[in-house]
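Q: Please take me through one part of this structure, slowly and closely. I have not met it before, so give each term its cut-off as you go.

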Amino acid sequence: QVDLPRGEKSGLIEAVNLLDGVEGVHISRFSDKDVVRHALVGRIVRAYEADSARRLAEQNKA
């Protein structure tokens with residue numbers, strides 16, 4: 001989970017990018033379907049996923 005202020009560098013994202021594909025390392029990514037607590041938490045996860053997708057699309061346009 002990354003909850004840093006915008007613009008702050010995430011060590012977690014850096015580690016995932018660096019280690020993804022390294023033999024013996026497995027990275028698990030969770031989605032809103034993995035949330036078993038409260039429906040609101042699932043909606044929050046979906047909102048963050050939509051925001052990430054929007055940002056990625058904006059970056060790809062540039």
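A: Glycine 21 comes just after α1, and its phi is positive, at about 95 degrees. Helices such as this one are DSSP runs of H or I with at least four residues; strands are runs of E with at least two, and both are numbered from the N terminus.

A word on the source. This is a predicted model: local features need pLDDT of at least 70, side-chain atom pairs count only at pLDDT 80 or more, and totals for chains, interfaces and linings use all residues. Residues are numbered from 1 along each chain as its sequence is written, and side-chain values use heavy atoms, with hydrogens and water left out.

Now go to the other end of α1. This helix covers residues 11-19, and serine 10 sits in the segment before it. Is serine 10 buried or exposed? Its relative accessibility is 11%, so serine 10 counts as buried. The scale runs like this: buried is under 20% relative accessible area, exposed is over 50%, and partly exposed lies in between (1.4 Å probe, protein chains only).

What does the side chain of serine 10 reach? One of its oxygens comes to within 3.2 Å of the backbone nitrogen of leucine 12, at the start of α1. A polar atom of the same side chain lies 3.1 Å from the backbone nitrogen of isoleucine 13. A polar contact is a pair of N or O atoms within 3.5 Å; within protein, one must be able to donate a hydrogen and the other to accept it, and residues adjacent in sequence count only if both atoms are side-chain atoms.

Serine 10 also has partners further along the chain. Neighbours within four places in sequence aside, serine 10 is in contact with Val2 and Leu4. Contact here means heavy atoms within 4.5 Å.

Those two partners turn up again. Val2 and Leu4 join Leu12 and Ile13 in a nonpolar patch on the surface, and together the four have about 320 Å² of accessible area. Patches take residues with over 30% relative accessible area and no salt bridge; nonpolar side chains (Val, Leu, Ile, Met, Phe, Trp, Tyr) are joined within 5 Å, like charges within 9 Å. The areas come from the Shrake-Rupley method with a 1.4 Å probe; for residues, only the protein chains shown count as cover. Leucine 12, one of the patch members, lies in helix α1. Its relative accessible area is 41%, so leucine 12 is partly exposed.

Charged side chains meet here too. Lysine 9 and glutamate 14 form a salt bridge, with their closest N and O atoms 3.3 Å apart. A salt bridge is a side-chain nitrogen of Lys or Arg within 4 Å of a carboxyl oxygen of Asp or Glu. Lysine 9 is exposed, at 67% relative accessibility. Glutamate 14 is partly exposed, at 42%.

How many salt bridges are there by this rule? The count is five. Others lie in helix α2. There, Asp51, Arg54, Arg55 and Glu58 are linked in a network of salt bridges.

Take arginine 54 within that network. Its side chain meets that of aspartate 51 in a salt bridge, 2.6 Å from N to O. Both lie in α2 (residues 39-61), three residues apart, about one turn of the helix. Arginine 54 also forms a salt bridge with glutamate 58, with the closest N and O atoms 2.8 Å apart. These two are four residues apart in α2, so about one helical turn separates them. An α-helix has 3.6 residues a turn, so residues three or four places apart point the same way.

The three are partly covered. Aspartate 51 is partly exposed at 21% relative accessible area. Arginine 54 is partly exposed at 40%, and glutamate 58 is partly exposed at 44%.

Last, step back to the whole chain. It has two helices and zero strands. Its radius of gyration is 14 Å, well over the 11 Å that the globule rule gives for 62 residues, so the chain is more spread out than a compact globule. That radius is taken over C-alpha atoms, and the rule is 2.2 Å times the number of residues to the power 0.38. Buried residues make up 5% of the 62. Serine 10, where the close look began in earnest, counts as buried.
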